[in-house]
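Visitor: Before I accept the labels on this model, I would like to hear the grounds for each of them.

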Amino acid sequence: MSRLMLGRTLERICKAVLLLCLVHFLIMMILYFDVYTQRFDIFSRFNNGRGANSSRGPHHYYYNFSSGRPNTTFASYLATADHLLPSTKPEANHTPPTPKPLPPCPEVPHGLVGRLLIEFSSQITLERVQRENPNVTEGGKYTPPDCRPKQKVAIIVPFRHRDNHLKYWLHYLHPVLRRQKIDYGIFIINQLGEDTFNRAKLLNVGYTEALKDAEYDCFIFSDVDLIPMDDRNLYHCYDQPRHFAIAMDKFGFRLPYAGYFGGVSGLSKKQFLKINGFPNEYWGWGGEDDDIYNRITLNGMKVSRPDVRIGRYRMIKHERDKHNEPNPQRFSKIQNTKNTMRKDGISSLMYRVVSVKKYPLYTNISVEIGKPPPRPLKG
């Protein structure tokens with residue numbers, strides 16, 4: 001009996017062991033297939049990454065059953081699989097951001113210093129002036145880098161045999177204009193030959209030639225021997241024609257008379273064309289400024305001026321130029337402005353450009369403007 005009981009017990013133990021073995025085998029199979037499936041998924045993704053450079057149809061995950069191993073290494077897959085993740089890298093064809101537009105230049109720039117000390121005893125060279133104004137570009141041009149000016153200004157200087165004066169003028173004017181935030185170009189209009197000087201006709205030439213260079217909408221006409229003594233005297237155009245040099249030292253810093261429009265003046269393109277530019281027939285010194293003043297008033301405009309404390313100028317002392325003697329006909333011409341201004345002006349201008357040279361500080365335009373007509377005999 002005891003042997004029978006012992007045999008049944010051993011049988012039960014053997015069945016239990018077999019059952020445990022079966023359970024263990026099933027668990028091992030489940031774990032094996034789970035790991036195998038993950039391995040299959042990884043390499044199928046790798047094979048898809050390897051084919052990402054191909055342009056043939058849609059991508060498929062696959063395993064290379066013919067070789068029994070993945071198509072490449074696992075490290076290569078990880079390197080290639082970066083493209084499957086969201087990328088924070090900039091795209092190759094990324095367009096750079098558009099720069100913000102510059103603000104308009106202020107009506108009264110912040111860098112102005114007011115009254116200036118002007119003297120003509122120091123030796124000035126063009127090389128020194130160039131070093132002092134590194135931002136001035138070829139042809140004597142400058143544009144403010146930090147703001148957008150409302151106007152583009154051409155500064156026109158009638159010229160002949162005044163090289164020493166020009167050095168001082170450039171020395172003082174370039175820094176003033178840059179502080180004033182002016183977008184400008186400087187044009188020296190050089191009359192060739194030794195015939196009688198004609199200031200107003202040279203100014204007409206400067207207007208015409210400047211417009212060939214750029215779309216200027218404001219024109220400042222300045223004698224080369226006049227230096228502003230205050231940088232608050234802003235060199236741009238106004239609603240009315242502007243007279244800048246209203247208080248010269250040679251006149252005791254006073255306006256010599258109400259109709260004076262000499263030295264330094266400014267007109268917009270519209271104002272200039274309205275008066276048909278300047279007269280061409282004032283050969284020699286004097287009269288053309290008064291003719292221009294008459295043209296302005298006869299066309300319904302008024303001359304604007306700065307405060308007398310700001311519109312102060314120093315003149316470089318010099319002897320009167322040869323072939324620029326006073327014009328004896330100037331008084332009769334001034335009285336006849338109303339009849340002559342429509343036919344004598346920018347519309348009748350004739351000249352010949354001989355050369356245009358762009359220097360670091362200015363543009364030099366040398367021209368031939370003809371000869372004055374024979375003067376009538378006295379009596």
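Guide: What follows takes the labels in turn, with the rule behind each.

Visitor: How do you know which parts can be discussed?

Guide: This is a predicted model, in which local features need pLDDT of at least 70 and side-chain atom pairs count only at pLDDT 80 or more, while totals for chains, interfaces and linings use all residues. Residues are numbered from 1 along each chain as its sequence is written, and side-chain values use heavy atoms, with hydrogens and water left out. The pLDDT is the predictor's confidence in each residue, from 0 to 100. The mean pLDDT of the protein chain is 83, and 77% of its residues reach 70 or more. Over residues 35-89 the pLDDT is below 50, and this stretch has 39 contacts in the model beyond near neighbours in sequence; a contact means heavy atoms within 4.5 Å.

Visitor: What makes β5 and β9 a pair?

Guide: Strands are DSSP runs of E, at least two residues long, and helices are runs of H or I of at least four, numbered from the N terminus. Two strands pair if DSSP finds at least two bridges between them. β5 and β9 (residues 312-315) have 3 bridges, in the antiparallel sense, and therefore pair. In β9, Met315 is the bridge partner of Leu226, and Arg314 that of Ile227.

Visitor: What makes β7 and β9 a pair?

Guide: β7 and β9 have 2 bridges, in the parallel sense, so the rule of at least two is met. Ala247 has Arg312 as its bridge partner in β9.

Visitor: Why is the pairing of this sheet called mixed?

Guide: The open sheet has 3 strands in the order β5-β9-β7, and its pairing is mixed. β5 (226-228) and β7 (247-248) stand at the edges with a single partner strand each, so one side of each is left without a neighbour in the sheet. The β5-β9 pairing is antiparallel, and the β7-β9 pairing is parallel.

Visitor: Which side chains of β9 are buried?

Guide: Buried means under 20% relative accessible area, exposed over 50%, and partly exposed in between (1.4 Å probe, protein chains only). Tyr313 and Met315 point to one face and are buried, whereas Arg312 and Arg314 point to the other and are not.

Visitor: What makes a group of residues a nonpolar core?

Guide: Its members are buried Ala, Val, Leu, Ile, Met, Phe, Trp, Tyr and Cys residues joined through side-chain atoms within 4.5 Å. The largest one has 41 residues, of which Ile155, Trp169, Tyr184, Ile186 and Tyr235 touch the most other members.
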